[in-house]
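Dear colleague,

I am handing over the structure we discussed, and the notes that follow it set out what was found. Please read them with the coordinates open beside you.

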Amino acid sequence: FSTPSQNKTFFHQFSVKENWLQHRGTMNETEEIFCRVYITEHSYVSVKAQVLTSAQDILKIVAEKIQYPEEELALVTVSFSGEKRELQPNDLAISKSLESSSRMFVYRKDLTNSLNPFSENEELQQRSVRILGINTWDLALELTNFDWSLFNAIHEQELIYFTFSRQGSAENTENLSLLLQRCNEVQLWVATEILLCSQLCKRVQLVKKFIKIAAHCKAQRNLNSFFAIVMGLNTASVSRLSQTWEKIPGKFKKLFTELESLTDPSLNHKAYRDAFKKMKSPKIPFMPLLLKDVTFIHEGNKTFLDNLVNFEKLHMIADTVRSLRHCRNNQFGNEVASKEHHELKPYVHHLHVIDNQQALFELSHRIEPRV
């Protein structure tokens, strides 16, 4: 492994656009980040918003998402030491330090003393499964348009910074981090939707729906959401639902098996790599695998040999990084959903997820107890 000072030299040699990286380091007003607004201790609504977004705007999004009157809700930040602060409508809701020092919660004004006024159980009883009324192709298209906006914003050098400076130089990898976070959230969203559905017949419909959405994401050459959905369906808390899977029609099971085979990691993800190579641009790769490739080259080869830069290693990394350019050769047509579904954009842009595996397992055992 190379030393930090050697890495600095390496960056200097590798980078012809250092000004860009310095510029990226300064936080600007239009910069967007994902902020998490917790509804219960383990579930949150993910909101992609600009740094200067007001608490009122965030609250409006969350109220619409959880189908609750906005005027009856308030936002509060809770530090890890337990200190609470209610945000006023015009307060800026997002700060870069928020994520590390505190969490943002939404609470009902009539229950101000209770931190988690919404329980997973109550939500389970009240929520309607909105996704069942949405066209699967349109939903996949909206996922793809959203992913494309994140993927298109990634600068090639973010991959280099992500690999070489693991000690949290997050300001140089912001766009990449957003896409990785999104991939993780889509996976959790699939599991959340299925596990919050207490009716067996609706749950079967949901699983079928997600299989179709995964197939559409593949057809739209969005491999990032495709992988995330398949992994969400394969989450242990979902795959154990034997009553649900038994009722899935044979043709859907067959389709899911075909889709799963693309995510097979054997022979260094050969199935995925072969299929992806054949896809024309524009296309969105499965980002964690691309990063794994760059990391593998970095860790398997010394950056300096006898105090000389190992250019062979740099060429290998450059080739891998350059594949981003190939994926973005053409722009996605930003095709619009066939008949504009008024709920579609907010539904896809602000995912509601449960981010705790224990909570997901508890829901799983509640809807289908162990026999």
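The expected span of a helix is taken here as 1.5 Å times one less than its number of residues. With that in hand, and bearing in mind that this is a predicted model, helix α16, which runs over residues 311–327 and has 17 residues, reaches 25 Å from its first C-alpha to its last, close to the 24 Å expected at 1.5 Å a residue. The buried residues of α16 are Lys 313, Leu 314, Ile 317, Ala 318, Thr 320, Val 321, Leu 324 and Cys 327. An α-helix has 3.6 residues a turn, so residues three or four places apart point the same way, which may be useful to keep in mind when looking at that list.

Helix α8, residues 174–195, can be described in similar terms: its 22 residues reach 31 Å from the first C-alpha to the last, close to the 32 Å expected at 1.5 Å a residue. As for its surroundings, α8 is mostly covered, with 17 of its 22 residues buried.

Turning to helix pairs, two packed helices are described by the angle between their axes and the distance between the axes. For α9 (residues 200–219) and α13 (residues 250–262), the axes come within 10 Å and cross at roughly 45°, and because angles of 35 to 65 degrees fall outside the parallel and perpendicular ranges, α9 and α13 are oblique to each other. Their crossing is left-handed. On the α9 side the contact involves Lys 208, Ile 211, Lys 212, Ala 214, Ala 215 and Lys 218, which meet Phe 252, Leu 255, Phe 256, Leu 259 and Leu 262 in α13; by class, this contact has 8 nonpolar, no polar and 3 charged residues.

The second pair is α14 (residues 266–278) and α15 (residues 287–300), whose axes come within 12 Å and cross at roughly 125°, which makes α14 oblique to α15. Here too α14 passes α15 in a left-handed crossing. His 269, Tyr 272 and Arg 273 in α14 meet Leu 289, Lys 292 and Asp 293 in α15, and the classes in this contact are 2 nonpolar, 1 polar and 3 charged residues.

Finally, a single loop residue: Glu 71 lies between α3 (55–66) and β3 (73–79), and Glu 71 is exposed, because its relative accessible area of 59% is over the 50% cut-off. Glu 71 and Leu 59 are 12 residues apart in sequence and 9.3 Å apart in space, C-alpha to C-alpha.

With best wishes

Key:
Residues are numbered from 1 along each chain as its sequence is written. This is a predicted model: local features need pLDDT of at least 70, side-chain atom pairs count only at pLDDT 80 or more; totals for chains, interfaces and linings use all residues. Side-chain values use heavy atoms; hydrogens and water are left out. Axes are lines fitted to C-alpha atoms, for helices over the stretch in contact, and angles run from 0 to 180 degrees between N-to-C directions. Helices (H or I, at least four residues) and strands (E, at least two) are DSSP runs, numbered from the N terminus. Angles under 35 degrees count as roughly parallel, over 145 as roughly antiparallel, 65 to 115 as roughly perpendicular and the rest as oblique. A crossing is left-handed if the near helix is turned anticlockwise from the far one by less than a right angle, and right-handed if clockwise. Contact means heavy atoms within 4.5 Å. Ala, Val, Leu, Ile, Met, Phe, Trp, Tyr, Cys and Pro count as nonpolar, Asp, Glu, Lys and Arg as charged, and the others, Gly among them, as polar. Buried means under 20% relative accessible area, exposed over 50%, partly exposed in between (1.4 Å probe, protein chains only).
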